[in-house]
Amino acid sequence: MSITVRAPAKINLHLGVGAVRADGFHPLDTVYQAIGLYDDLTVRSDKGWGIDVRAAAYVASGALPPPGLNIVDRAARLLADLHGLDPVGAVDIYKDIPVAGGMAGGSADAAAALVALDRLWQAGTSDDDLLRLAAALGSDVPFALLGGSAHGTGRGEVVRQVPDAGTWWWVLVPSAEGLSTPEVYRRFDALNDDPDPLPLSSTVVLAALAAGDPHALAAALHNDLQAAALDLRPDLGDLLEAGERAGALRGLVSGSGPTVVFLAESSAAAREVAGRLAEDVAVVLVANGPVAGAHVVPEVGTSWPT
Ligand code: C5P
């Protein structure tokens, strides 16, 4: 038996970051959107445990943690422990989401692993338990299960879906080299010597999403980690300007970066912006959102239940 689960990349339309907490995490007020760029994870029954990773040419998969320390290994162990099972299976991951790109690719893989292994092991894990395990694996993992557009609080792990009247078109520019999320947060701390304990509220972005108005959303996009990412990677500033010159409504660093995302007015506008950017930039992608969270992909030839 084999099961394939597809999980989306995320972008943060609003990322308000408060002062670091005693546990080392930062309180967030964030708006996530799942977009149509995916990792696919397939699991098969096996006597042992193994993970094989393949990736699109632009994904720096060499930067992934070594076998045994991958977030998918940890997901398998947590789920197996919950049910008193042996964590066995052969896992194949195909990555289209950049590694260390600020798009929660590792979180997508962890969410996909929870969903796929729950089926493979016929464990029948409740949604509440899946969300609890997801939160233990990483701040963004619950959102990768949920998908759509969602408000995130706590350290990002407390998520609830929000009304979204739009189909939003994004032009994405990944970087050849990733940024470390903890390093970006440390730079945020260094740049803000007297940060507000409470993160900036995302009300304006939530209103723009509910209205489905791309110009309002463009004006509202906000990322408190952007200055820290630009401090570590000044070249991203030129890229942001180039995208806006190419016709994007607004450019933004995605999460902790270094992927840069541009909001376009329509699908045609996104293709135009992407075409212009591609004259100078090696890899330019187009994706829309919101899309579903981690979900089982029916096998080829399977008919939908009637
Ligand atoms: O939760 P996750 O494993 O994705 O977090 C990775 C790192 O990012 C944390 O160890 C922490 O340094 C930083 N982080 C943070 N505040 C958050 C989320 C992540 O400081 N809300």
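**Exercise 1. In this predicted model, determine which parts of the chain are linked by the salt bridge between K95 and D109, and decide whether each of the two residues is buried or exposed.**

Step 1. The side chains of K95 and D109 meet in a salt bridge, with an N to O distance of 2.8 Å.

Step 2. Placing the two residues in the secondary structure, one finds K95 in strand 4 (residues 89–95) and D109 in helix 2, so that the pair links distant parts of the chain, 14 residues apart.

Step 3. The accessibility has to be judged against the cut-off for burial, which is under 20% relative accessible area. K95, at 2% relative accessibility, counts as buried, and D109, at 5%, counts as buried as well.

Step 4. The pair does not stand by itself, since salt bridges that share partners join D39, K95 and D109 into one network.

**Exercise 2. Describe the salt bridge of R6, and state how far apart in sequence the parts are that it ties together.**

Step 1. The partner of R6 is D40, and the closest N and O atoms of this salt bridge are 2.8 Å apart.

Step 2. Because R6 lies in strand 1 (residues 2–17) and D40 lies in strand 2 (residues 28–44), the pair ties together parts that are 34 residues apart in sequence.

Step 3. R6 has a relative accessible area of 31%, and is therefore partly exposed.

Step 4. As for the total, the structure holds 10 salt bridges.

**Exercise 3. Work out how E272 and R276 are placed relative to each other in helix 10, and how accessible each of them is.**

Step 1. The side chains of E272 and R276 meet in a salt bridge, at 3.0 Å from N to O.

Step 2. Both residues belong to helix 10 and stand four residues apart, so about one helical turn separates them. An α-helix has 3.6 residues a turn, which means that residues three or four places apart point the same way.

Step 3. E272 is partly exposed at 46% relative accessibility, and R276 is likewise partly exposed, at 41%.

**Exercise 4. Identify the strands with which strand 2 pairs, and give an example of a bridge partner for each pairing.**

Step 1. With strand 1, strand 2 pairs in the antiparallel sense over 15 bridges, and here A7 stands opposite D39 of strand 2.

Step 2. With strand 5 (residues 149–153), the pairing is antiparallel over four bridges, and Q33 has S149 in strand 5 as its bridge partner.

Step 3. With strand 4, strand 2 runs antiparallel and is joined by six bridges; the bridge partner of R44 in strand 4 is A90.

Step 4. Strand 2 is also mostly covered, in that 14 of its 17 residues are buried.

**Exercise 5. Establish the strand order of the open sheet of four strands, find which strands stand at its edges, and say which helices lie across it.**

Step 1. The order of the open sheet is 9-10-7-11, and its pairing is antiparallel.

Step 2. Strand 9 (250–253) and strand 11 (285–289) stand at the edges; each has a single partner strand, so one side of each is left without a neighbour in the sheet. From one strand to the next, the twist averages 30°.

Step 3. Strand 7 (residues 168–173) and strand 11 form an antiparallel pair over five bridges, within which V171 has V286 in strand 11 as its bridge partner.

Step 4. Helix 9 (residues 235–245) lies across strand 7, strand 9 and strand 10 (260–264), and runs at about 15° to strand 10. Helix 10 (residues 267–277) lies across strand 7, strand 10 and strand 11, and runs at about 10° to strand 7.

**Exercise 6. Characterise the nonpolar cores, and state which residues L172 contacts.**

Step 1. In soluble globular proteins, nonpolar side chains tend to be buried together. The largest nonpolar core here has 61 residues, and those with the most contacts inside it are L13, L41, W170, L172 and L217. Helix 2 (residues 105–120) gives the most to this core, contributing 10 residues.

Step 2. When its neighbours within four places in sequence are left aside, L172 is in contact with I35, L37, M103, V260, V261, V283, V284, L285 and A287.

Step 3. A second, separate core has 28 residues, including V171, Y185, L236 and V260.

Methods:
Residues are numbered from 1 along each chain as its sequence is written. This is a predicted model: local features need pLDDT of at least 70, side-chain atom pairs count only at pLDDT 80 or more; totals for chains, interfaces and linings use all residues. Side-chain values use heavy atoms; hydrogens and water are left out. Two strands pair if DSSP finds at least two bridges between them. Axes are lines fitted to C-alpha atoms, for helices over the stretch in contact, and angles run from 0 to 180 degrees between N-to-C directions. Contact means heavy atoms within 4.5 Å. A nonpolar core is a set of buried Ala, Val, Leu, Ile, Met, Phe, Trp, Tyr and Cys residues joined through side-chain atoms within 4.5 Å. Buried means under 20% relative accessible area, exposed over 50%, partly exposed in between (1.4 Å probe, protein chains only). A salt bridge is a side-chain nitrogen of Lys or Arg within 4 Å of a carboxyl oxygen of Asp or Glu.
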